[in-house]
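Open the model in your viewer and keep the selection panel at hand. The tour begins where two parts of the chain meet, then steps back.

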Protein chains: 2
Amino acid sequence: MELHGSLQSPISESMNFLNEVAHRYPDAISFAAGRPYEGFFDLDAVHRYLETYRKHLQAAPGADEAQVLRTLLQYGRTKGIIHQLIARNLLVDEGITVDAESIVVTVGCQEALYLTLRALRRTDRDALLVVPPTYIGAYGAAQLADMKLLPVRSTPEGVDVDDLVSVLRNARAQGLRPRACYLTPNFTNPTGVSLDLETRRTLLRVASEHGFLLLEDNPYGIFHGDEEQLPTLKALDRSRSVVYLGSYAKSGIPGARVGFVVADQRVAVPNGGTTTLADELAKIKSVLTVNTSPLAQAVIGGKLLEHGCSLRDANARETKVYRDNLRAVLDGLAARFAGDGGPPVSWNTPRGGFFLCLDLPFAAGDRLLEHCARTHRVLFTPMHHFYGDDEPRRQIRLSFSHLTPDEIEDGLDRLAAFVAEQSRQAAQ
Amino acid sequence: MELHGSLQSPISESMNFLNEVAHRYPDAISFAAGRPYEGFFDLDAVHRYLETYRKHLQAAPGADEAQVLRTLLQYGRTKGIIHQLIARNLLVDEGITVDAESIVVTVGCQEALYLTLRALRRTDRDALLVVPPTYIGAYGAAQLADMKLLPVRSTPEGVDVDDLVSVLRNARAQGLRPRACYLTPNFTNPTGVSLDLETRRTLLRVASEHGFLLLEDNPYGIFHGDEEQLPTLKALDRSRSVVYLGSYAKSGIPGARVGFVVADQRVAVPNGGTTTLADELAKIKSVLTVNTSPLAQAVIGGKLLEHGCSLRDANARETKVYRDNLRAVLDGLAARFAGDGGPPVSWNTPRGGFFLCLDLPFAAGDRLLEHCARTHRVLFTPMHHFYGDDEPRRQIRLSFSHLTPDEIEDGLDRLAAFVAEQSRQAAQ
């Protein structure tokens, strides 16, 4: 059966392979999964959130019980029902001021990304700028939308903006239309690096001058360490150059699958006049998933309501876990690899988020991951997955978000044994 | 901003216009919305379903509390968590035997349809057979997947199979590849007609002989009246010609947004061997919505568990409402239009489902709907929406699923006044 081309790409195999390895070695300690911490998971809170949101609806002027039940249980508004709370959340936590009508509530951030790319892809000349290594799902969504990818050079600090402009110009010279650049400015996946303020401002200027959008993905922004938080691109955006992709999978409840997109760009409509990009995205959503489960939205809405719309506040305990885990991994790496005579291993030092990267003296691809899982009972993510290809590289991603201190210590011991073994073999 | 072509099509405007009219005339009686009956909506039952499913997980051999919470609240399996219960539901309610591994749980039936079309669309030669008038969302999903539409002639009984074969041959002669035919064999939207057993068997034979799939959408199948239920295409399928698209929006809870696809077709994979179409659809889903909210799945799972996996049983009250409403509309139309001297109005007599169609002596498009809503305070759906164009036709759809007996009587009075007024004007 001949199927869509994206199904033959390494990306499509990446997702499968990574899931499957984790399932085959359930007793391995996983530095691979970028999942939120589970220690505070609480189903009773879910029931409570739902009731909190129900009471919120009941308290609205003119609300009657039939209308409350209809909002929660019937087919609903395509753009969602918790858009006002999300707008408030963006203001409280990020200093972003947006009209709630420019928000579309989505089935996770992934649907937000796909909706945006599908909307922007008009012909096969439309292309997306990406800065590898980057989130696997960005490649996947772009391929599913039949959108060409234009890789931009990364630096240890994030993005090589000069290269971005050069890629943009070359693409245009070839008749391509770079419509947007996908970025995670805060604690990016996989490197954990954040863009500095100057780079953020430069990117906004370049996007505005050259007429492309910045797709800002921000799942990790609130999980900063002790440092002051930098403003998001959207908070700095004065020219509607930024489409903001929001996730409640890390800060809300992963199992609700609720995310959103802020798309306040003006779009001309055929019969004259303008609408917002959000309204156009909603049209696509209406034939993709119709609307995001209002029950799932209500659960996230209740959590927002209970914390004054601040997920920074709601995640105080989790943020401490992530900060402590980051510290434990950095200290643990130093204790195991910083001494003389060991294998030449180095790593970067992010200031928050879920991830960091380890440079190794040997290339680590999927085969070596499998060996490591089987023999050393520890999992990591080979870096090639974040380049969208299948070429092993001398770098791996470590995720520490869902581990306990004991698991980190034990896992780093196992990882050190793996690295020592492989370094010996590479040296032979 | 240049956006995807589907955003300029009449389909895209259809969805918007129909929603917007309903919002502008909230006191109009609506024969337009194809929504399930709300009289039994119960949020306390939602809490109970969630707990029922939690206990089901807790009762599994070797289950521990952390694993139960992880299943409900963490990122989950791409293909879903309630696939075993869905397989049991299909067996109990429909006599369909499928491997649970061939099921992908989706964000409503709409995502199931889009996943399938996206997978089948490899080049611009791939096309979808449709039988207008048909569900608006099928046009929408196909356009979003950049898939050509090949209309097949309908008959009062459903599908003109000879025309289907002729369309198929002509399309192939032009270099197109008809990959599948979208159908709702039971109480189809908009006409309420069901295919007879012979047509079902003929379609299966033709699909198998000519090498295309039947995409069987079955949201209304369990809402049959007093008649014996006919087997679904999937229950009769011996050659894996049928991809079954399942919805729990009508039979479960609309606000959960849970549907599924059964795709047990074998697919060759690049490195040799085979997989199932379901596994390929899961790869697409992983970059579209990642996974369907496990909380929403748990609510549907709990409802299934409480009713021995029979939604026929769970919907006994609703089924009676729909049957009584159908009877009330048929009787009410006869009382108002069957006498001598009135306008020449006729209608079909479905045996179940949510819809029927009315033939009018004048063409009724969106402008007339708007006049009717404003002046007569009653809403219907102009038939052109189900042809994917904007040409008014002398036929409208009446939906009766969510109305009370009083609303039906009152609504039919208003509709009769509208029809009398328009018939007078048409005769002048």
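Start at the domain boundary of this predicted model. Here 29 residues of domain 1 of chain A are in contact with 26 residues of domain 2 of chain A.

Which elements should you select on the side of domain 1 of chain A that touches domain 2 of chain A? Pick α1 (10-24), α13 (316-337) and β14 (355-364) of chain A; each supplies at least two residues of that side. Now highlight α13(A). With 4 residues, α13(A) gives the most to this side of domain 1. Colour the domain 1 side by residue class: 13 residues are nonpolar, 12 polar and 4 charged.

Next, select the domains themselves. Domain 1 of chain A takes two segments, 5-40 and 315-427. Domain 2 of chain A covers 43-311. Place a marker at each C-alpha centre: the two centres lie 28 Å apart.

Zoom out to the whole of chain A. In cartoon view, look for 15 helices and 17 strands. The radius of gyration is 22 Å, close to the 22 Å that the globule rule gives for 428 residues, so chain A is as compact as a globular protein of that length. Along its principal axes, the C-alpha trace spans about 75 × 55 × 50 Å.

Finish with burial and contacts. Of the 428 residues in chain A, 53% are buried. Then turn to contacts between residues at least 6 apart in sequence: 74% of these join residues at least 24 apart.

Conventions
Residues are numbered from 1 along each chain as its sequence is written. Chains are lettered from A and ligands numbered from 1 in the order in which they are written. This is a predicted model: local features need pLDDT of at least 70, side-chain atom pairs count only at pLDDT 80 or more; totals for chains, interfaces and linings use all residues. The radius of gyration is taken over C-alpha atoms; the globule rule is 2.2 Å times the number of residues to the power 0.38. A residue is buried if 20 or more other C-beta atoms lie within 10 Å of its own, exposed if 12 or fewer, and partly exposed in between; C-beta atoms are placed from the backbone. Two residues are in contact if their C-beta atoms, placed from the backbone, lie within 7 Å. Domain bounds come from an automatic or database domain assignment. Ala, Val, Leu, Ile, Met, Phe, Trp, Tyr, Cys and Pro count as nonpolar, Asp, Glu, Lys and Arg as charged, and the others, Gly among them, as polar.
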